[in-house]
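Trainee: Please take one pocket and go through its lining closely. Then work outward to the salt bridges, the unusual backbone and the enclosed space.

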Amino acid sequence: MYLILLKMTITSLLSFEDSSYVGTQDASSSFNALLATAATLQPPFVQQPGVTLQSAAFSGPQPYFDPLTPLNVTALVGKSAYLTCRVRNLGNKTVSWVRHRDIHILTVGSYTYTSDQRFMAIHHKDNDDWMLHIKWAQKRDAGIYECQISTQPVRSLFINLSVVVPRAVILGGPDMHIDHGSTINLTCIVLHSLEPPAYIFWYHQDEVISYDSSRGGVSVITEKGDITTSYLLVQHAQLADSGKYSCSPSNADLASVRVHVLKGEHTFKIELFPNFR
């Protein structure tokens, strides 16, 4: 229709140029009116600045990553790791998880594409979370994981996974020197633990310390929290209390320290000659 109207207008203009009425007031007015008509004719779907024909026809909410999505995740070795990708306005697009170190596609939508059965895609239809579940996380699983939306071009969000190994540390080690008759006070701290240990055992010379033994004067105080701390108190230290002490949390490797109970001459030699044993 646009081409037909344009052709008719041009023909009329050419006819006026050949007309003997050109120059008269009526002809001039008609000629100017045709020019104005031609100037107002535009083809349909005129592209406006910054807008393509495709976007004009299919504009709508575009998918995006929730800005509150956590970008750093920490997991305990041997435990499950959960990486969450929250996508808004997904529409008919697909969410995928890619392991960055080897560009391995792990999941597409709700399907898993890896022979490693520790990886699994989790999504519930009633929310916008697309989760990558890694069972029994290993240290080699640490690194960057990419959450992709199948837009053109692809939209990506990068999440860093850290896999930590809980460990115990006894402050003041590896050797401690205690005066005879004083109190042995050992402090064990559990590091890199996302949850407090279920229990902490103390050992003396590789034997579990009994707090109700006939020796007496032995007590343990454990404070659980983001950092779990356990205190071993042995009052009235005797020479027999010397030896290796170990702290063994339920979720971490044990830590050890060697205690030297010194009396009289031994104390003097240690002060003057630190390397004396």
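Mentor: What follows starts at the second largest pocket and moves outward from there.

Bear in mind that this is a predicted model. The second largest pocket holds about 210 Å³ of space. Its lining is made by His204, Glu207, Val208, Ile209, Ser210, Ser213, Arg215, Val218, Val234, Asp241 and Tyr245. By class, that lining has 5 nonpolar, 3 polar and 3 charged residues.

Look at two of the charged ones. Arg215 and Asp241 both line the second largest pocket. Their side chains also meet in a salt bridge, 2.6 Å from N to O. The pair links distant parts of the chain, 26 residues apart. Aspartate 241 sits in the loop between β17 (228-234) and β18 (243-249). Arginine 215 sits in the loop between β15 and β16 (218-223).

Is each partner buried or exposed? Aspartate 241 has 9% relative accessibility, so it counts as buried. Arginine 215 has a relative accessible area of 34% and is therefore partly exposed. The cut-off matters here: buried means under 20%.

Stay in this part of the chain for the backbone. Aspartate 206 is in the loop between β14 and β15 (207-208). It is not a glycine, yet its phi is positive, about 70 degrees. Most residues other than glycine have a negative phi, so a positive one deserves a look. Aspartate 206 counts as exposed, at 55% relative accessibility. Histidine 192 also has a positive phi, near 55 degrees. Its place is the loop between β13 (184-191) and β14 (200-204). At 45% relative accessibility, histidine 192 is partly exposed.

Two peptide bonds also call for a check. The bond from glutamine 152 to proline 153 is cis, with omega near 0 degrees. Proline 153 lies in the loop between β9 (143-149) and β10 (155-164). Glycine 173 and proline 174 are joined by a cis peptide bond as well, with omega about 5 degrees. Proline 174 is found in the loop between β11 (167-170) and β12 (175-179). Most peptide bonds are trans, so cis bonds are worth marking.

Back to charge pairing. The salt-bridge count comes to 8. One of these pairs is arginine 88 with aspartate 66, whose closest N and O atoms are 2.6 Å apart. Arginine 88 lies in strand β3 (residues 81-88), and aspartate 66 in the loop between β1 (64-65) and β2 (72-76). The two are 22 residues apart in sequence, so the pair ties those parts together. Aspartate 66 is buried, with a relative accessible area of 10%. Arginine 88 is partly exposed at 26%. The pair is also part of something wider: Asp66, Arg88 and Asp128 are linked in a network of salt bridges.

Another bridge joins arginine 118 and aspartate 116, at 3.1 Å from N to O. In this pair arginine 118 is buried, with 9% relative accessibility. Aspartate 116 is partly exposed at 24%. Compare the pair at the pocket, where aspartate 241 is buried and arginine 215 is partly exposed.

Now a piece of surface. Ile105, Tyr111 and Tyr113 make a nonpolar surface patch of about 370 Å². Tyrosine 113 belongs to the loop between β6 (111-112) and β7 (119-123). It counts as partly exposed, at 49% relative accessibility.

Finish with the enclosed space. How many cavities of 30 Å³ or more are there? The count is 1. The largest cavity has a volume of about 30 Å³. Trp97, Gly109, Ser110, Ala121, Ile122, His123, Trp130 and Met131 line it. The elements that give two or more residues to this lining are β7 and β8 (129-134). Strand β7 supplies the largest share, 3 residues. By class, the cavity lining has 5 nonpolar, 3 polar and no charged residues.

Set the two linings side by side. The second largest pocket has 3 charged residues in its lining, whereas the largest cavity has none. Arg215 and Asp241 are among the residues of the pocket lining, and their side chains are the ones that meet in the 2.6 Å salt bridge.

Conventions: Residues numbered from 1 in each chain as written. Predicted model: local features only at pLDDT ≥ 70, side-chain atom pairs only at ≥ 80, totals over all residues. Heavy atoms only, no water. 1 Å grid on protein atoms, 1.4 Å probe; cavity = no way out; pocket = protein on both sides within 12 Å on 5 of 7 lines; lining within 4 Å. Points joined across faces, edges and corners; volume = space filled by probe spheres on them. Nonpolar A, V, L, I, M, F, W, Y, C, P; charged D, E, K, R; others polar. Helix = DSSP H or I, 4+ residues; strand = E, 2+ residues; numbered from the N terminus. Buried < 20%, exposed > 50% of the residue type's maximum accessible area, 1.4 Å probe, protein only. Patch = residues over 30% accessible without salt bridge, like charges linked within 9 Å, V, L, I, M, F, W, Y side chains within 5 Å. Areas by Shrake-Rupley, 256 points an atom, 1.4 Å probe, with all protein chains shown as cover. Salt bridge = Lys/Arg side-chain N within 4 Å of Asp/Glu carboxyl O.
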